[in-house]
Amino acid sequence: MTISSGENSVISSCSLARLAPLEAVLFDVDGTLCDSDPIHHLAFREMLQEIGFNGGVPISEQFFVENIAGKHNDDIAALLFPNDLERGLKFCVDKEAMFRRLAKEALKPIQGLYKLKKWVEDRGLKRAAVTNAPKENAELMISTLGLSDFFEAVILGDDCEHAKPFPDPYLKALAILKVSKDHTVVFEDSVSGIKAGVAAGMPVVGLMTRNPEHLLREANPAFLIKNYEDPKLWAALEELDRLAGVAPSST
């Protein structure tokens, strides 16, 4: 890996050294394992237009990012249907069914995901998926990506007292895996997800899959990456290996 002097100054501020020795890795699902937001946006856009939301004008990507992406369906329902929560919740259930129909054919892993998967497996780290997605969605995405055997646990926002952006789902993951927040890293792509990981006391590596960089930075991630091939990430992981006494990889 060749790193320019300009990149080097950025990478120097992207350390995860305080986590050594690393024990566990926690992943969000939507937008973190796969680029699913465009599918969600399409489903919301078409279904909201059908019922005349926003005067029948399709919701923009900006509206989706600012109001929907990464949020739990309870919060989305309350925002979209403030005067009829029951209708909003039913709408979200129907929307998720549409998402699953579309996702079966359209889901693709984030670039470099399987390279990071191998790195995690080779070091015997514990791992869990932590998501605000409904159970059926999470299971579909994880199985479609071939990760059903990779994760030791899948923690759902629905199974916690509070979903993201509250820390509850990440705290539950730590308890289930029996690991310390001081030796665990989180991967997230949304503002609410980054806030949840930070609130749980862990450094969060933010993915710039779809959400604007300035919004993600406001949530206080340890650093941001384009995808799992990003040199900043691998410089940080190599530093963890060095501190743990792991021999450099030949790849």
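Where is the place of Pro 165? Pro 165 sits in the loop between S3 and H8. I'm starting there since a cis peptide bond joins Lys 164 and Pro 165, with omega at about 15°. Before I go on, please keep in mind that this is a predicted model.

Okay, the overall picture. The chain is built from 11 helices and six strands. Its radius of gyration is 18 Å, close to the 18 Å that the globule rule gives for 251 residues, so the chain is as compact as a globular protein of that length. If you lay the C-alpha trace along its principal axes, you get a span of about 60 × 40 × 30 Å. Of those 251 residues, 50% count as buried. The accessible surface comes to about 11,900 Å², and carbon and sulfur atoms account for 50% of that. And take the contacts between residues at least 6 apart in sequence: 68% of them join residues at least 24 apart.

Back to the backbone for a minute. There's another cis bond, between Ala 20 and Pro 21, where omega is about -5°. You'll find Pro 21 in the loop between helix H1, residues 5-11, and strand S1, residues 24-27. As a reminder, most peptide bonds are trans, and most residues other than glycine have a negative phi.

That brings me to phi. Asn 54 has a positive phi, near 60°, and it's a residue other than glycine. Asn 54 is in the loop between H2 and H3, and at 46% relative accessibility it counts as partly exposed. Then there's Lys 178, again not a glycine, with a positive phi of about 60°. Lys 178 lies in the loop between H8 and S4, and at 70% relative accessibility this lysine counts as exposed.

Now for the aromatics. How many aromatic pairs does the structure hold? The count is 10. Take Phe 44 and Phe 64: the ring centres are 6.4 Å apart and the planes are at 50°, so we call the pair tilted. This pair links distant parts of the chain, with Phe 44 in helix H2 (residues 37-50) and Phe 64 in helix H3 (residues 61-67), 20 residues apart. Both Phe 44 and Phe 64 are buried.

Phe 81 and Phe 91 also make a tilted pair, 5.4 Å centre to centre with 50° between the planes. Phe 81 is in the loop between helix H4 (73-80) and helix H5 (85-106), while Phe 91 is in H5, so the pair ties together parts that are 10 residues apart in sequence. Again, both Phe 81 and Phe 91 are buried.

If you're looking at the model, also find the cluster: Phe 27, Phe 150, Phe 151, Phe 187 and Tyr 228 form one aromatic group. And have a look at Trp 234, where Lys 115 lies over the face of the ring, at 4.4 Å from the ring centre.

Speaking of lysines, is Lys 95 buried or exposed? It counts as buried, at 1% relative accessibility. Lys 95 is in helix H5. Setting aside neighbours within four places in sequence, Lys 95 is in contact with His 40, Ala 43, Phe 44 and Met 47. So yes, that's Phe 44 from the tilted pair with Phe 64 turning up again.

Cysteines next. Searching the whole structure turns up zero disulfides. For Cys 92, the nearest cysteine sulfur is that of Cys 160, and it is 19 Å away. Cys 92 is buried, with a relative accessible area of 1%. Cys 160 counts as buried too, at 13% relative accessibility.

Right next to Cys 160 in the numbering we have Asp 159, in the loop between strand S3 (153-156) and H8. Asp 159 is partly exposed, with a relative accessible area of 48%. Asp 159 and Pro 134 are 25 residues apart in sequence, and C-alpha to C-alpha they are 9.9 Å apart in space.

Last stop, helix H9, residues 191-199. Which residues of H9 are buried? They are Ser 192, Gly 193, Ile 194, Ala 196 and Gly 197. The cover over them includes helix H8 (168-177), strand S4 (184-188), strand S5 (204-207) and helix H10 (213-218). After H9 comes Gly 201, with a positive phi near 90°.

That's my tour, thanks.

Notes: Residues are numbered from 1 along each chain as its sequence is written. This is a predicted model: local features need pLDDT of at least 70, side-chain atom pairs count only at pLDDT 80 or more; totals for chains, interfaces and linings use all residues. Side-chain values use heavy atoms; hydrogens and water are left out. Rings of Phe, Tyr and Trp (its six-membered ring) pair if their centres lie within 6.5 Å; planes under 30 degrees apart count as stacked, over 60 as edge-to-face and the rest as tilted. Helices (H or I, at least four residues) and strands (E, at least two) are DSSP runs, numbered from the N terminus. Buried means under 20% relative accessible area, exposed over 50%, partly exposed in between (1.4 Å probe, protein chains only). A charge sits over a ring if NZ of Lys or CZ of Arg is within 6 Å of the ring centre and within 35 degrees of the ring normal. A disulfide is a pair of cysteine sulfur atoms within 2.5 Å. The radius of gyration is taken over C-alpha atoms; the globule rule is 2.2 Å times the number of residues to the power 0.38. Contact means heavy atoms within 4.5 Å. Accessible areas come from the Shrake-Rupley method with a 1.4 Å probe; for residues, only the protein chains shown count as cover.
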